[in-house]
Amino acid sequence: MPPRESADAAAEDAALDGSPAPAGAPAAAAEPSSAGASRSAAPPDLAGRYGRTPARRRRDRSILIGGAIAFAVVLVSWVVWAGLDGSRPLVQATDLGHELLDARSVEVTWRLSVPSGNATACAVQALNEDFTVVGWKVVEIPASERPLRTFTETVRTAQPANTGLISHCWLR
């Protein structure tokens with residue numbers, strides 16, 4: 001059996017909905033009873049009781065607008081930063097192969113793509129069967145008018161290597 005709704009609850013619901021109180025429900029502004037009960041002569045502020053005040057709506061709206069403005073600022077900042085960051089010359093290195101010369105050296109061949117007139121440096125490494133770096137060498141590459149060049153470099157190793165490759169390249 002569902003619980004019965006009291007007359008006071010029905011009156012509160014009606015006041016929240018803005019509809020007239022149901023028949024048989026006591027009026028919200030009922031006079032105090034002769035027994036001395038302390039009922040208020042003013043209707044209860046149900047909207048305030050449940051947090052539906054105009055001040056709360058204004059605060060919620062200002063928080064929402066502030067969040068939207070903060071999001072827009074972050075988005076615009078990121079777009080500007082990403083757009084300006086793309087103005088640097090792009091350096092790309094591609095491994096072409098390696099040759100194990102002996103137990104203590106490996107020869108690495110790679111292709112370097114860099115805008116003409118930029119000096120670069122590349123880190124060449126040798127790895128063993130556990131993918132541990134067993135040899136490392138930084139190669140300084142002078143500027144050139146050719147944007148695409150191929151290089152071969154020998155790297156000495158501390159242990160026998162299984163492979164050799166380019167770690168990364170950067171502008172000097």
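1. In this predicted model, the S-S torsion of cysteine 122 and cysteine 169 is about 115°, so the disulfide they form is right-handed. The sulfur atoms of cysteine 122 and cysteine 169 lie 2.0 Å apart. One disulfide is present in the structure. Its two cysteines come from distant parts of the chain, 47 residues apart, with cysteine 122 in strand 3 and cysteine 169 in strand 6.

2. Both ends of the disulfide are out of solvent by the 20% cut-off. Cysteine 122 has a relative accessibility of 0% and therefore counts as buried. Cysteine 169, at 16%, counts as buried too.

3. Cysteine 122 also belongs to the largest nonpolar core, which has 16 residues; Trp110, Leu112, Cys122 and Val124 are the members that touch the most others. At least two residues of this core come from each of strand 2, strand 3 (120-127), strand 4 (133-141) and strand 6 (163-171). Strand 2 is the main contributor, giving four residues.

4. The surroundings of valine 124 can be listed in full. Leaving aside residues up to four places away in sequence, valine 124 touches Val108, Trp110, Gly135, Trp136, Lys137, Val139, Val155, Leu165 and Ile166. Two of the names in that list recur in this note: Trp110 as a core residue, and Lys137 as a salt-bridge partner.

5. Three strands make up an open sheet in the order 1-2-5, and their pairing is antiparallel. Strand 1 (92-102) and strand 5 (148-156) are the edge strands; each has a single partner, so one side of each has no neighbour in the sheet. From one strand to the next, the twist averages 20°.

6. On one side of strand 2, the antiparallel pairing with strand 1 runs over nine bridges. Threonine 94 has arginine 111 in strand 2 as its bridge partner. Strand 1 and strand 2 form a hairpin, with two residues between them.

7. Strand 2 (residues 105-113) is also joined to strand 5 by nine bridges, again in an antiparallel arrangement. In this pairing, serine 105 stands opposite arginine 156 of strand 5.

8. How many salt bridges does a search of the whole structure find? The search finds three. One is between arginine 56 and aspartate 60, whose closest N and O atoms are 3.7 Å apart. Arginine 56 and aspartate 60 are both in helix 3 (residues 54-85), separated by four residues, or about one turn of the helix. Arginine 56 counts as partly exposed at 38% relative accessibility, and aspartate 60 is likewise partly exposed at 38%.

9. Another salt bridge brings together the side chains of glutamate 153 and lysine 137, with an N to O distance of 2.6 Å. Glutamate 153 is in strand 5 and lysine 137 in strand 4, so this pair ties together parts 16 residues apart in sequence. Lysine 137 has a relative accessible area of 32% and is partly exposed.

10. Glutamate 140 and arginine 172 form a salt bridge as well, their closest N and O atoms being 2.7 Å apart. Because glutamate 140 lies in strand 4 and arginine 172 in the segment after strand 6, the pair ties together parts that are 32 residues apart in sequence. Glutamate 140 is partly exposed, with a relative accessible area of 46%, whereas arginine 172 is exposed at 55%.

Definitions and conventions:
Residues are numbered from 1 along each chain as its sequence is written. This is a predicted model: local features need pLDDT of at least 70, side-chain atom pairs count only at pLDDT 80 or more; totals for chains, interfaces and linings use all residues. Side-chain values use heavy atoms; hydrogens and water are left out. Two strands pair if DSSP finds at least two bridges between them. Axes are lines fitted to C-alpha atoms, for helices over the stretch in contact, and angles run from 0 to 180 degrees between N-to-C directions. A nonpolar core is a set of buried Ala, Val, Leu, Ile, Met, Phe, Trp, Tyr and Cys residues joined through side-chain atoms within 4.5 Å. Buried means under 20% relative accessible area, exposed over 50%, partly exposed in between (1.4 Å probe, protein chains only). Contact means heavy atoms within 4.5 Å. A disulfide is a pair of cysteine sulfur atoms within 2.5 Å. A salt bridge is a side-chain nitrogen of Lys or Arg within 4 Å of a carboxyl oxygen of Asp or Glu.
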